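Here are some short exercises to work through with the model open in your viewer. Try each task before you read its solution.

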Amino acid sequence: MRKTIPFLFLLLLSLSAMAQKHCISGYVMDAASRETLIGATILDRNSGQGCATNNYGYYSLTLDEGPVDLQFSFVGYDAVNQAFNLVADTLITVKMSSNIQLQEVTVEANRATVGANNPQMSIIELPIKQIKSIPTLMGEADVLKAIQLLPGVQNGSEGSAGLYVRGGGPDENLLLMDGVPLYNVNHMFGFFSVFNPDALKNVTLYKGGFPARYGGRISSVVDVRMKDGDMQKYHGNFSIGLISSKLNLEGPIVKDKLSFNLSVRRTYSDALTNLYGLIGKLADPSIDKFSLGYYFYDLNAKLNWKISDKDRLYLSWYSGDDKIYANVKWDYAYEDMYADHEKLGLNWKWGNKVGALRWNHIMSPQLFMDASVSYTQYRHDLGMDQNYTYEEFKPNTYTSTDEMAMNFHSGIHDLTARTDFHYAPNPRHDIRFGGGYTYHFFRPEVQSMKINFTEAEANTDTVANTGDVHAHEAMLYVEDNIALNEAVKMNVGLHYSAFAVQGNFYHLLQPRFSMSAMVAPHFSLKAGYAYMTQYIHLLSNSNITMPTDLWVPVTARIAPERGHQFSLGGFYELPNLFDISLEGYYKTMDNVLEYKDGTSFFGTSQGWEDKVNLGRGWAYGVELLVQRSFGKTTGWVGYTWARSMRKFDREGMVINNGNPFPAKYDRRHDFSITVQHKFSDRFDISGTWVISSGNCATLSTQAYPGIPITYYSQYGGSVVGTPIIGYVERNNFRMPVYHRLDLGMNFRKQKKHGERVWNISVYNVYNRQNPFIVIRGYDQNTGLPELQQVSIFPIIPSVSYSYKF
Amino acid sequence: MKTTKIALSILVFATLLSACTKPLKFKGEYVDPKLVVNCIAVPGEPIKAVVYKSDFVFDTITDYTMPEGTQAFLFVNGVSKGEMQVNADTTYYNYLNPPIFTVNYHFTHDYVPQIGDVVKISVTAPGFDEIEGSSEPLPNEPIGSYEDARITKWDTTSSRGYRVPVPDSDSTITVWLKEYRKHLTVTIEITDPNPGVLDLYCLEASMRTEGDWTYPDGLEHHEQPAELHQVYFNDPIIGTSTVELEDQFGIDVGLTNRSRSTFNDATFDGGSYRMEIPMVTNTLFKANDSINAFVEIKLRHLTEGAYNYYTTITSGNNLSQYYSEPVGVYSNVQNGFGLVAGSNDKVISFPVW
């Protein structure tokens, strides 16, 4: 470590030795919409030097004075060539036109970012077109479910949008929306993610070899970028599906100056349930009022203001909520003797709000600045009330009223200021550095209860607050993409983070490294190392994503989680045929959090430190990805062989007698194949087949009676104690193999004002009963105990209609 | 278009047929049964150890009956006290309706344990591994005093119709019963008997009734138990919980139904702690029935093993078990299952009507 820092500074100092060079810089954007293109490549064919655009479409390439022959390329677009004599710093903004003939979707958007020659490893870009073309559950295209099909990434339970990357946990993924972390990325208890593909421009997944600019989670980074909005003309699309409808609009507010992008999605399952409630009310006259529903919505909005050639301002906003509500009122009278009146109310709402104000400034052709302030919030509110009135008319006149109300609130709020610089002094160095500060406000839970019974003398009206927590997090980083020569490139970086909470101060310097060496034409060997830490944990131990899952900061007793990851691999480009990537990794995790036997955070974090144990984990595996990115048939085949283990043997924190045990989502084999084929401009199909080892579960093997209970009743004496289920080992049982086939078809037709698309998808085509949970149940006929698996998603066909205009 | 319509119709039909959750069966790995011994030794009371055998959880016939030829041996403070005597008694499974009566076996010994004794029991049976479990030193009596049982409300709240079975018949009738509800606030004070030591406790509440009564239509019923309807723990030491104590027998002393019964003296070590416990009782009697009812509060000073057992067994029966890691109920019996532990109990009983 001590040698690394001087080495970096020496590299930076050496840059000043360059002479007679000029910088070519600018933006690369779509010619029609003026949407900037992320990861477009710029290559000087004379010198062989090149670079790629950053997350804002900006590039900077410093070359020797003299003739240059630039080629701008981006998959799906016609290449743009510009040849001229470079005599001074030059600003070139390139507008690229979409190429109809090459519009087949690709897994790999561009070679500059993820190809053989790029030092970055364990990175995958997923174009939004690709995500939209994958067959979906209930017709809802989903970013996270598309990511789950990639090697090294696993879902949790059946249908879940949770991510388990290279043996890590679901809270170890940094999910960024326009650079701002999102805490709860799920709708409908995890079956859908909050990312509405209509609003998005680009999705990048990092599984390892993390660049130094990222930090705060140890297992993965999912960097999602929203569309900026068309600067030229208004257009959009809407779609109607089985469970939701979506609308996307974008266009100029001031042409070439100010644009907007607006996307809305809302489900309408509550309309059906309210219809059901109406039928129930008609069927039972005693029900005076009945409403029951669930819905979720997403709203993405973005303003993009081009202040000048050097300055841009972005204002982006996301809000999304899930809501469950129920209101029931009964009135019941028994002849003229008594009457009951009962009212029940439930309002359960949870969701995110994310806002970011971002300023891009070109300080010099070689130096790009991205400064932002952002706010992210996740909150969860639960309110329940019950009112019961009893009226007696005969033989006595009597009235009593029981009222009860309960409210529960929890949330996390972050306010962040951050500045990033992108400095490209010459083609051999591409330097990024920056820093940021985040103020965290945790409100683990506030619970209020009000009980008012007519007959009670002492009623309850209490508010219990586990205590708000304020925390401060700061980080600094520097990284350099270094081209040692034509064949060897590396990314070297340092990330320093510090976290202060409740008198505790944690900090860590985290080195990052990745490199590639072209050992043969189209074939490179790659290696990477990353040291990561995270200062927050998610308290959740359910099979599904619950809104009650709580984020909590590290404490004096619960130390930050840390992880080392080493990866090694090869990348082979078979020109015009396949890309083949083979990677192996070994990952260690320290201060991994696991729940003690019997603990549950269902609705409470009270005393959470007493409910968890800290231990360590390790994971290793091999991932194979074979992709075809061009032609009428595209797709990929992914296979992962992996192992993920945990060990908890620290004093007072023992689980499983201190012996190693497999992590809950440890799966030995995971295979997926995703194929799209375009028959014509009017018809294309896609299919996905996945097969993987089953999840782990903890199952009992022995039952025995507990301590007998002394009892007073007509039966007298004592009663056999409640049967106890004896557990021998944690995660000692493996569920059956999981496999599923999904198919999708798109029927396209060009209309007068746009294009209409009918999409038909079938999820789980052959109706495989995959296990969601395994329980000890009872045979319906014999009543005898047996092991049962519960499956939740049978074959689910869906249809959606969309219209682009 | 016609083909498309047919295809869509088939898809919709297939969805309707299959859109339900179906449990599937598959076999687990069989594990041989083990011996089980349960004993909570109380100073001043003869030792009683109940012995069973465990069952593989998916056995088609549940049989916990102790194997023939089982022997149990008592050791106190490392000294053998000899073989224990076997006795049979009738117990029943309280979670089945109607309850299943069965003969179970327990072992007793003439030795009466004292405070500070370490009790060890070993059990052998042909074809089974020998098992043994040992307690920590038996605790001294918890110093607790019953200060007050204030009846805050006492009502004949309402009349309600209940369907009750007619004896020797499959039919039921609706009878109208008075519902009596009583609100109590019981105040007890706990004084730490061992300053400087973390003492472990369990608080239990129960209610019992004595007497006969009849339904309004003359059907006789004996010892209809009352219900200790609710106990509110809203206490900084025990925690906040509303505990429903009911089962099909109408009464429950409720170790299994209680979520917050164990606590310790970490916050009042060396001092006293005053605790108010609101309760609601419900019962269904005719006003002229001669019924006596008692509420019983039991303050138990536990060994660590007993404390761990009661803490884990209550965790395992909470409502959110499907959302939590499964519970490993505490067992300190080597090569088998069960618990050998100790407690020293103080019972506070008072009539409520």
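**Exercise 1. Place A:Ser269 in its helix and decide whether this residue is buried, partly exposed or exposed.**

Solution. Keep in mind throughout that this is a predicted model.
- Step one: find helix α5 of chain A, which covers residues 269-283, and you have the home of A:Ser269.
- Step two: check the relative accessibility, which is 25% for A:Ser269. Buried requires under 20% and exposed requires over 50%, so A:Ser269 is classed as partly exposed.
- Step three: look for A:Gly293, which sits 24 residues away from A:Ser269 along the chain, with 7.0 Å between the two C-alpha atoms.

**Exercise 2. Work out where A:Lys201 sits and which side chain it has a polar contact with.**

Solution.
- Step one: go to strand β16 of chain A, residues 200-206, where A:Lys201 is located.
- Step two: take its relative accessibility of 17%. The cut-off for buried is under 20%, so A:Lys201 counts as buried.
- Step three: pick out the polar partner. The side chains of A:Lys201 and A:Asp228 make a polar contact of 3.2 Å.
- Step four: list the surroundings. Leaving out residues up to four places away in sequence, A:Lys201 touches several residues, including A:Glu35, A:Ile38, A:Ile128 and A:Arg225.

**Exercise 3. Show how strand β17 of chain A is enclosed, and name the strands it pairs with.**

Solution.
- Step one: count burial. In β17(A), residues 220-226, 7 of the 7 residues are buried, so the rest of the structure largely encloses this strand.
- Step two: split the strand by direction. A:Ser220, A:Val222, A:Val224 and A:Met226 point one way, while A:Val221, A:Asp223 and A:Arg225 point the other way; all are buried.
- Step three: find the parallel partner. Strand β12 of chain A, residues 173-177, pairs with β17(A) over 5 bridges in the parallel sense, and A:Leu176 stands opposite A:Asp223.
- Step four: find the antiparallel partner. β16(A) pairs with β17(A) over 6 bridges in the antiparallel sense, with A:Val203 opposite A:Val224.

**Exercise 4. Which residues have the most contacts inside the largest nonpolar core?**

Solution.
- Step one: recall the general trend. In soluble globular proteins, nonpolar side chains tend to be buried together.
- Step two: read off the core. The largest one has 72 residues, and A:Ile147, A:Phe195 and A:Val203 have the most contacts inside it.
- Step three: note that a separate core of 30 residues lies apart from that one, with A:Tyr704, B:Val36, B:Cys202 and B:Val329 among its members.
- Step four: follow A:Ile147 outwards. Among its contacts beyond four places in sequence are A:Leu126, A:Val153, A:Val203 and A:Val222.

**Exercise 5. Put the strands of the open four-stranded sheet of chain A in order and say which stand at the edges.**

Solution.
- Step one: trace the antiparallel pairing, which gives the order β3-β2-β5-β6.
- Step two: identify the edges. β3 (50-52) and β6 (80-86) each have a single partner strand, so one side of each has no neighbour in the sheet.
- Step three: get the twist. Ignoring direction, neighbouring strands here are turned by 20 degrees against each other on average.
- Step four: zoom in on one pair. β2 (residues 41-44) and β5 (residues 66-73) pair over 4 bridges, and A:Leu43 faces A:Gln71.

Technical notes
Residues are numbered from 1 along each chain as its sequence is written. Chains are lettered from A and ligands numbered from 1 in the order in which they are written. This is a predicted model: local features need pLDDT of at least 70, side-chain atom pairs count only at pLDDT 80 or more; totals for chains, interfaces and linings use all residues. Side-chain values use heavy atoms; hydrogens and water are left out. Helices (H or I, at least four residues) and strands (E, at least two) are DSSP runs, numbered from the N terminus. Buried means under 20% relative accessible area, exposed over 50%, partly exposed in between (1.4 Å probe, protein chains only). A polar contact is a pair of N or O atoms within 3.5 Å; within protein, one must be able to donate a hydrogen and the other to accept it, and residues adjacent in sequence count only if both atoms are side-chain atoms. Contact means heavy atoms within 4.5 Å. A nonpolar core is a set of buried Ala, Val, Leu, Ile, Met, Phe, Trp, Tyr and Cys residues joined through side-chain atoms within 4.5 Å. Two strands pair if DSSP finds at least two bridges between them. Axes are lines fitted to C-alpha atoms, for helices over the stretch in contact, and angles run from 0 to 180 degrees between N-to-C directions.
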